Amino acid sequence: MLKISPLFSGSKGNCTLIQSDNVNILLDAGFNYRSMLCALESHALTPKDIDAIVITHEHGDHINALPMWTKHTSTPIYAPHLIADYLQQRVYFSDVHEIVGGFKLGDIYIEIYECSHDARCCYGYRFRVGEQYFASVTDTGCVTDTLVQFLAPCSAIMLESNHDVDMLLKGEYSYPLKRRILSDFGHLSNAQASELLSKLSSSRLKDVILAHLSEKNNTRELAFNSAVSMYTAQGLTEGKDVNVYVADQYKNGITICID
């Protein structure tokens, strides 16, 4: 069994709870510590119930809660090998374990995908229990055949759908920041996310969580409608053939179970 619950998702911080029959994992710890405690409480959990925190990369919206978290709880942290030393200097009691390839936490086997992002090192992750797969890939700037292959075995994925290109181009961001976001080392747009999903439409994929939405350059409706329109064009019905969810920055009631 795999159970996935996005707690916080967006530009201000990211954290997802991933559970199996015998392990509780946080994917990233980028939102504020107190809010994370409240979110865990809603799942009948405390920090001591978390067996590990797996980090995607070193940007603040993915690690900001680590200093306060590790001040109170000695949860093991797993991070890409190129940022392990960087994180070790920012935590209190926890050891930071270097990720260099696939590894196991409890009954969950975790595989990595190297994202295209302007970080020292950024990983997407695929979680497997038996024949059940879930993957999370955010903070990547381009759709590749390797990414499609990485996601293909999954019945559920969490995928970045960061921005609407028109909103971004017409918005208040500086030209260099717009260029960074639109680059191959930035973030996936709604259109790119839909393009990727279209390449998975014949796979076993049943549940899609659109994640890491920009507060200023996207809306939940635009992200959702982009994906649903793509599925409709392919003769698939959202809610029947595939379920599309949009993760929120502040409050989420999404939980997906893979049995």
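The exercises below, each with a worked solution, concern a predicted model.

**Exercise 1.** State which residues of the largest nonpolar core touch the most other members, and which elements give two or more residues to this core.

Solution. Start with the membership: the largest nonpolar core holds 31 residues, and those touching the most other members are Leu151, Ile157, Leu197, Val208, Leu210 and Tyr231. Next, list the elements that give two or more residues: the helices are α5 (145-151), α8 (190-198) and α9 (220-233), and the strands are β10 (132-137), β11 (156-160), β12 (207-211) and β13 (243-246). Then take one residue, Tyr231: leaving aside residues up to four places away in sequence, Tyr231 touches Leu197, Leu205, Val208, Leu236, Val242 and Val244. Finally, note a second, separate core of 28 residues, which includes Phe103, Leu105, Ile108 and Ala211. In soluble globular proteins, nonpolar side chains tend to be buried together.

**Exercise 2.** Classify the ring pair of tyrosine 92 and phenylalanine 93 and that of tyrosine 123 and tyrosine 125, and decide whether each residue is buried, partly exposed or exposed.

Solution. The model has nine aromatic pairs. In the pair of tyrosine 92 and phenylalanine 93, the centres are 6.4 Å apart and the planes make 50°, so the pair is tilted. Tyrosine 92 has 47% relative accessibility and is therefore partly exposed, while phenylalanine 93, at 58%, is exposed because its value is over 50%.

In the pair of tyrosine 123 and tyrosine 125, the centres are 6.1 Å apart and the planes make 90°; as this is over 60, the pair is edge-to-face. Buried means under 20%: tyrosine 123, at 3%, is buried, and so is tyrosine 125, at 0%. Ring pairs also link Tyr123 and Tyr125 with Phe127 and Phe134 in a cluster.

**Exercise 3.** Describe the strand order of the seven-stranded open sheet, identify its edges and place helix α1.

Solution. Read the order first: β6-β5-β4-β3-β2-β1-β14, with mixed pairing. The edges are β6 (96-99) and β14 (256-258); each has a single partner strand, so one side of each lacks a neighbour in the sheet. From one strand to the next, the twist averages 25°.

Now take one pairing inside the order. β3 (24-27) and β4 (52-54) run in the parallel sense over three bridges, and isoleucine 25 has alanine 52 as its bridge partner in β4. Last, place the helix: α1 (33-41) packs on the sheet and touches β1 (2-8), β2 (15-19) and β3. The direction of α1 makes about 145° with that of β1.

Key. Residues numbered from 1 in each chain as written. Predicted model: local features only at pLDDT ≥ 70, side-chain atom pairs only at ≥ 80, totals over all residues. Heavy atoms only, no water. Core = buried A, V, L, I, M, F, W, Y, C linked by side-chain atoms within 4.5 Å. Buried < 20%, exposed > 50% of the residue type's maximum accessible area, 1.4 Å probe, protein only. Helix = DSSP H or I, 4+ residues; strand = E, 2+ residues; numbered from the N terminus. Contact = heavy atoms within 4.5 Å. Phe/Tyr/Trp six-rings, centres within 6.5 Å; stacked < 30°, edge-to-face > 60°. Pairing = 2+ DSSP bridges. Axes fitted to C-alpha atoms, helices over the stretch in contact; angles between N-to-C directions.
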